[in-house]
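Trainee: Got a minute to go through a model with me?
Mentor: Sure, put it up.
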Amino acid sequence: MVLVPVFMSHRNKAVLGSAVFLLMFGVLHCSSYLLEGGSWSYISSVYGFLLTVPDHTPNIGAAWYFFSEMFSHFTVLFLSVYQVNLILYSLPLTLKFPNSPPLVIFSILMILALFKPYTCVGDFVVPFAMVPLWSHLLKYLQQFYIVAVATVVLTLLWPVLWYLWVHCLNANSNFYFAVTLAFRSFSKLPSIRFTVCQDEAGLRILNMELFKKR
């Protein structure tokens, strides 16, 4: 997914990068095969585990709540729809911003962090670390300080709600899920605003060029 915007904007370099990626991917799989004693069973434990989501242990993601609360005969349908979200937005974002691979990669990484079945805090670290790349767009972000403060506060509430639910038994799963859902909602706002601001900036540049031609 992350290679799609790079491939579309710098195809020559992307071909070489893709070849190196596939080579390293093959080397890692061959190494895993040898370490497992000539068995490919690790594939189901690694990739199959992420695709089928058999473990519903609570985390900061949403999959555990959805699949533990729904009826079992809907699991396959919702699981398919949930997993499609991980790859659905790559091509449209790349076609919309062909000259901004970092912005597309940032958006894709944020989508991965939001929809991964087993999300952890580290999944949000990389996209948040990329925010300074668009510091010139921060002034166009609406309610930026509200979003920043809310994100910090909700992050601090995770362990509190977890402790009250698991250890003190004074809360339930809905409290914990509500906090993580609010965090994911607020964390997605910068990505949405960056893409909107980038689109508006492109339109302004285009309008200025058309005005100069006149």
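Here is our chat about a helix pair and a few single residues.
Mentor: First, this is a predicted model, where local features need pLDDT of at least 70, side-chain atom pairs count only at pLDDT 80 or more, and totals for chains, interfaces and linings use all residues. Numbering starts from 1 along each chain as its sequence is written, and side-chain values use heavy atoms, with hydrogens and water left out.
Trainee: OK, at what angle do helix 7 and helix 8 pack?
Mentor: About 160°, with the axes 9 Å apart. Helix 7 covers residues 101-115 and helix 8 residues 122-129. So the two are roughly antiparallel (angles over 145 degrees count as that).
Trainee: Which residues meet there?
Mentor: F106, L109, M110, A113 and L114 from helix 7 meet D123, F124, V126, P127 and F128 from helix 8. Of the residues in that contact, 9 are nonpolar, none polar and 1 charged.
Trainee: New topic: is T180 buried or exposed?
Mentor: T180 is buried, at 0% relative accessible area (buried means under 20%, exposed over 50%, partly exposed in between, with a 1.4 Å probe and protein chains only). T180 sits in helix 10, residues 173-213.
Trainee: What does the T180 side chain reach?
Mentor: The backbone oxygen of F177, at 2.9 Å. Beyond its neighbours within four places in sequence, T180 is in contact (heavy atoms within 4.5 Å) with N59, I60, G61 and W158.
Trainee: And what is phi of V53 near?
Mentor: Near 50°, a positive value in a residue other than glycine. Most residues other than glycine have a negative phi. V53 is in the loop between helix 3 and helix 4, and V53 is buried at 3%.
Trainee: Where's L169?
Mentor: In the loop between helix 9 and helix 10. Phi of L169 is near 60°, and L169 is exposed at 67% relative accessibility.

Methods
Axes are lines fitted to C-alpha atoms, for helices over the stretch in contact, and angles run from 0 to 180 degrees between N-to-C directions. Helices (H or I, at least four residues) and strands (E, at least two) are DSSP runs, numbered from the N terminus. Angles under 35 degrees count as roughly parallel, over 145 as roughly antiparallel, 65 to 115 as roughly perpendicular and the rest as oblique. Ala, Val, Leu, Ile, Met, Phe, Trp, Tyr, Cys and Pro count as nonpolar, Asp, Glu, Lys and Arg as charged, and the others, Gly among them, as polar. A polar contact is a pair of N or O atoms within 3.5 Å; within protein, one must be able to donate a hydrogen and the other to accept it, and residues adjacent in sequence count only if both atoms are side-chain atoms.
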